[in-house]
Amino acid sequence: MKKLDHVDKQILQILQEDGRIPYTEIAHQLGVSEGTIRSRITRLLQDGVFQFAIHPDPAKLGLKVQAIIGLTTKLGSQKNVAEELSKFSAVRFVGAFSGKHDLIIQACFHSNDELITFVNERLSQIEGIVGADVSLELKQYKDSFSIVHDDEVTLQ
């Protein structure tokens, strides 16, 4: 994989703001040819740097209960548990972590009852889970990632 340069990062930033922006507009903004934009985006996609994806708002789809669930697994079971969790459509994210929990998942539900059913009936059936710590999201302040970092942030 080729190292990302300033133009690559600018392309990524522009696409994050509007993934539907025409390549001609990106080229115009950056002062390069459309062919340059097209070839760079193709390379970035092939290298797995990013992917085009739809990021729906769960609340607008009726999924009003969002939970972060920290899971403790039996030694040697983490990978199998993660694979089983990944099969559930309600689960948006599965990650292995150091610290208190072996795995942390993010899941979305229509109601608290649906969440309770998930924990008591689905999670309890997965071999290797020994504990679950459920936290409900009360308010979301940010759900994005930017390639451009504000290195000159001044705290007051």
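Biologist: How many aromatic pairs does a search of the whole structure find?

Modeller: Bear in mind that this is a predicted model. Rings of Phe, Tyr and Trp pair if their centres lie within 6.5 Å. With that rule, a search of the whole structure gives an aromatic pair count of 4.

Biologist: Take the rings of Phe109 and Phe118: what kind of pair do they make?

Modeller: Their centres sit 5.2 Å apart, and the planes are at 50 degrees. Planes under 30 degrees apart count as stacked and those over 60 as edge-to-face. At 50 degrees neither label fits, so the Phe109 and Phe118 pair is tilted.

Biologist: Are Phe109 and Phe118 buried or exposed?

Modeller: The cut-off for buried is under 20% relative accessible area. Phe109 comes out at 1%, and Phe118 at 4%. Both values fall under that cut-off, so Phe109 and Phe118 are buried.

Biologist: Which residue forms one aromatic cluster with Phe109 and Phe118?

Modeller: We've already got the tilted pair of Phe109 and Phe118. The cluster holding these two also takes in another Phe, and that one is Phe88.

Biologist: Moving on to the largest nonpolar core, which residues touch the most other members?

Modeller: This core has 19 residues. Phe118, from the aromatic cluster, is one of those that touch the most other members. The full set is Ile69, Leu71, Leu85, Phe118 and Leu123.

Biologist: Which helices and strands each supply at least two residues of this core?

Modeller: On the strand side there are β1 (65–73) and β3 (103–109). The helices are α4 (78–85) and α5 (112–122). In general, nonpolar side chains in soluble globular proteins tend to be buried together. Here, the elements that each supply at least two core residues are β1, α4, β3 and α5.

Biologist: What is Leu85 in contact with, leaving aside its neighbours within four places in sequence?

Modeller: Leu85 is one of the core residues that touch the most other members. Two of its contacts, Leu71 and Leu123, are also on that list. Altogether, Leu85 is in contact with Leu71, Val91, Val94, Leu103, Ile105, Leu123 and Ile126.

Biologist: Is Thr73 buried or exposed, and where does it sit?

Modeller: Leaving aside its neighbours within four places in sequence, Thr73 is in contact with Gln78, Val81, Asp102, Leu103, Gly128 and Val130. Its relative accessible area is 10%, under the 20% cut-off, so Thr73 is buried. Its place is in strand β1.

Biologist: Which residues make the nonpolar surface patch of about 320 Å²?

Modeller: Start with Leu136, whose place is in strand β4 (residues 129–136). At a relative accessible area of 43%, Leu136 is partly exposed. The patch is made by Val134, Leu136 and Leu138.

Biologist: On to charges: how far apart are the closest N and O atoms of Glu84 and Lys87?

Modeller: Glu84 is partly exposed at 36% relative accessibility, whereas Lys87 is exposed at 61%. A salt bridge needs the nitrogen within 4 Å of the carboxyl oxygen. Glu84 and Lys87 do form one, with their closest N and O atoms apart by 2.9 Å.

Biologist: How many residues apart in sequence are the parts that Arg92 and Asp143 tie together?

Modeller: These two form a salt bridge, with the closest N and O atoms 3.9 Å apart. Arg92 lies in strand β2 (residues 91–96), while Asp143 is in the segment after β4. So the pair ties together parts whose separation in sequence is 51 residues.

Biologist: Which residues do shared salt-bridge partners join into one network with Asp8?

Modeller: The place of Asp8 is in helix α1, and it counts as buried at 0% relative accessibility. Not counting residues up to four places away in sequence, Asp8 touches Lys3, Arg40, Arg43 and Leu44. The salt-bridge network joins Asp8 with Asp5, Arg40 and Arg43.

Biologist: Is Ile21 buried or exposed?

Modeller: Ile21 is found in the loop between α1 (6–17) and α2 (23–30). Leaving aside its neighbours within four places in sequence, it's in contact with Ile14, Leu15, Ile26 and Gln29. Its relative accessible area is 12%, and the cut-off is under 20%, so Ile21 is buried.

Methods
Residues are numbered from 1 along each chain as its sequence is written. This is a predicted model: local features need pLDDT of at least 70, side-chain atom pairs count only at pLDDT 80 or more; totals for chains, interfaces and linings use all residues. Side-chain values use heavy atoms; hydrogens and water are left out. A nonpolar core is a set of buried Ala, Val, Leu, Ile, Met, Phe, Trp, Tyr and Cys residues joined through side-chain atoms within 4.5 Å. Buried means under 20% relative accessible area, exposed over 50%, partly exposed in between (1.4 Å probe, protein chains only). Helices (H or I, at least four residues) and strands (E, at least two) are DSSP runs, numbered from the N terminus. Contact means heavy atoms within 4.5 Å. Patches are made of residues with over 30% relative accessible area and no salt bridge: like charges are joined within 9 Å, nonpolar side chains (Val, Leu, Ile, Met, Phe, Trp, Tyr) within 5 Å. Accessible areas come from the Shrake-Rupley method with a 1.4 Å probe; for residues, only the protein chains shown count as cover. A salt bridge is a side-chain nitrogen of Lys or Arg within 4 Å of a carboxyl oxygen of Asp or Glu. Rings of Phe, Tyr and Trp (its six-membered ring) pair if their centres lie within 6.5 Å; planes under 30 degrees apart count as stacked, over 60 as edge-to-face and the rest as tilted.
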